[in-house]
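Biologist: Could you take one helix of this model and go slowly through how its neighbours pack against it? I would like the angles, the residues that touch, and the kinds of residues involved.

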Amino acid sequence: MPENDTTTPGNGTAGAGNGTAGPEGGSAGPGKAAAGPGKPAQAPALTRDALARAALRVLERDGLAGLSMRKVATEVGVKAASLYWHVRNKEELLDLLNDAIMASAEPPPREGDWRVQLRGYCWRYRSLLHDNRDAAKVVAGRLAPGPHLFGLLEDQLDRLREAGFSDAHAALTTYLLSSFVQGFVLQEQSPLSAAEADGASRLEVVGEVRDRFRALPVETFPNLVELAADLTEPDLDVRFEFCVERILDGLATLLPPERR
């Protein structure tokens with residue numbers, strides 16, 4: 001079955017255990033083989049949670065480019081057609097994967113003021129996206145909340161409202177923080193140039209860019225020449241910290257002076 005097929009086998013509404021014919025014929029549900037003489041008992045029914053965990057394993061092993069319905073089916077020991085009882089296509093599988101990535105996320109301690117707690121959220125989210133291969137590519141721009149994300153959002157919104165942010169600002173802040181961290185990690189994990197994609201180290205690429213800045217005619221590009229080191233030397237932790245602190249400074253302006 002094509003990877004991006006958007007149709008569901010049968011009439012599009014059948015689910016596991018409804019007694020209708022499965023995608024591979026017969027009346028057995030997904031992931032099950034009809035019992036018969038000399039055959040072992042039926043395997044446990046396939047679940048969306050099992051699919052999500054299998055997709056995480058494939059993602060870690062093969063990356064997003066290598067993730068496919070067929071590989072996930074192999075991971076759980078069924079034929080690819082059986083997956084279509086649970087997810088219609090790869091995009092729906094990515095929806096499950098989006099929430100599965102959040103399963104290992106841990107909110108920061110509820111200690112310190114709102115700045116301390118939001119700072120903790122940003123640093124922990126960045127680490128989470130780095131700890132799961134291609135996670136930033138999966139979650140960036142995807143609005144497919146599940147039970148794990150529900151809990152994180154509820155916790156974050158509660159902290160923001162308790163800190164004194166209006167309802168609208170609390171909602172927008174959750175978007176701001178997640179979008180920033182996702183975008184930052186996507187840039188961290190993208191090649192700086194063709195040279196890095198071809199095997200050069202980041203240190204080599206950055207050094208070459210710094211040297212090119214310094215070699216520019218100073219009368220035309222005085223700022224690039226003079227700030228060559230400042231533009232290329234800070235490591236990514238320093239850059240991330242600077243960005244997070246400036247975001248927190250901006251958010252503080254939304255609060256009454258006594259709560260900043």
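Modeller: What follows is a close look at helix 8 and two helices that pack against it. Please keep in mind that this is a predicted model.

Let us begin with helix 5, residues 114-131, which packs with helix 8, residues 167-189, at an angle of about 40°, their axes being 10 Å apart. That angle makes helix 5 oblique to helix 8, and the crossing of the two is right-handed. On the side of helix 5, the residues that meet helix 8 are Leu 118, Cys 122, Tyr 125, Arg 126, Leu 129 and His 130, and among their partners in helix 8 are Thr 173, Leu 177, Val 181, Phe 184 and Glu 188. Sorted by kind, the residues of this contact divide into 8 nonpolar, 5 polar and 2 charged. Cys 122, one of the helix 5 residues in this contact, is buried because its relative accessible area is 3%, which is under 20%.

Turning to helix 7, residues 147-163, we find that its axis and that of helix 8 come within 9 Å and cross at roughly 130°. Helix 7 is therefore oblique to helix 8, and their crossing is right-handed. Here Leu 153, Gln 156, Leu 157, Leu 160 and Arg 161 in helix 7 meet Asp 167, Ala 170, Ala 171, Thr 173, Thr 174 and Leu 177 in helix 8. The residues of this contact divide into 6 nonpolar, 3 polar and 2 charged. Thr 173 and Leu 177 of helix 8 thus appear in the contact with helix 5 and also in the contact with helix 7.

How values were computed: Residues are numbered from 1 along each chain as its sequence is written. This is a predicted model: local features need pLDDT of at least 70, side-chain atom pairs count only at pLDDT 80 or more; totals for chains, interfaces and linings use all residues. Side-chain values use heavy atoms; hydrogens and water are left out. Buried means under 20% relative accessible area, exposed over 50%, partly exposed in between (1.4 Å probe, protein chains only). Axes are lines fitted to C-alpha atoms, for helices over the stretch in contact, and angles run from 0 to 180 degrees between N-to-C directions. Helices (H or I, at least four residues) and strands (E, at least two) are DSSP runs, numbered from the N terminus. Angles under 35 degrees count as roughly parallel, over 145 as roughly antiparallel, 65 to 115 as roughly perpendicular and the rest as oblique. A crossing is left-handed if the near helix is turned anticlockwise from the far one by less than a right angle, and right-handed if clockwise. Contact means heavy atoms within 4.5 Å. Ala, Val, Leu, Ile, Met, Phe, Trp, Tyr, Cys and Pro count as nonpolar, Asp, Glu, Lys and Arg as charged, and the others, Gly among them, as polar.
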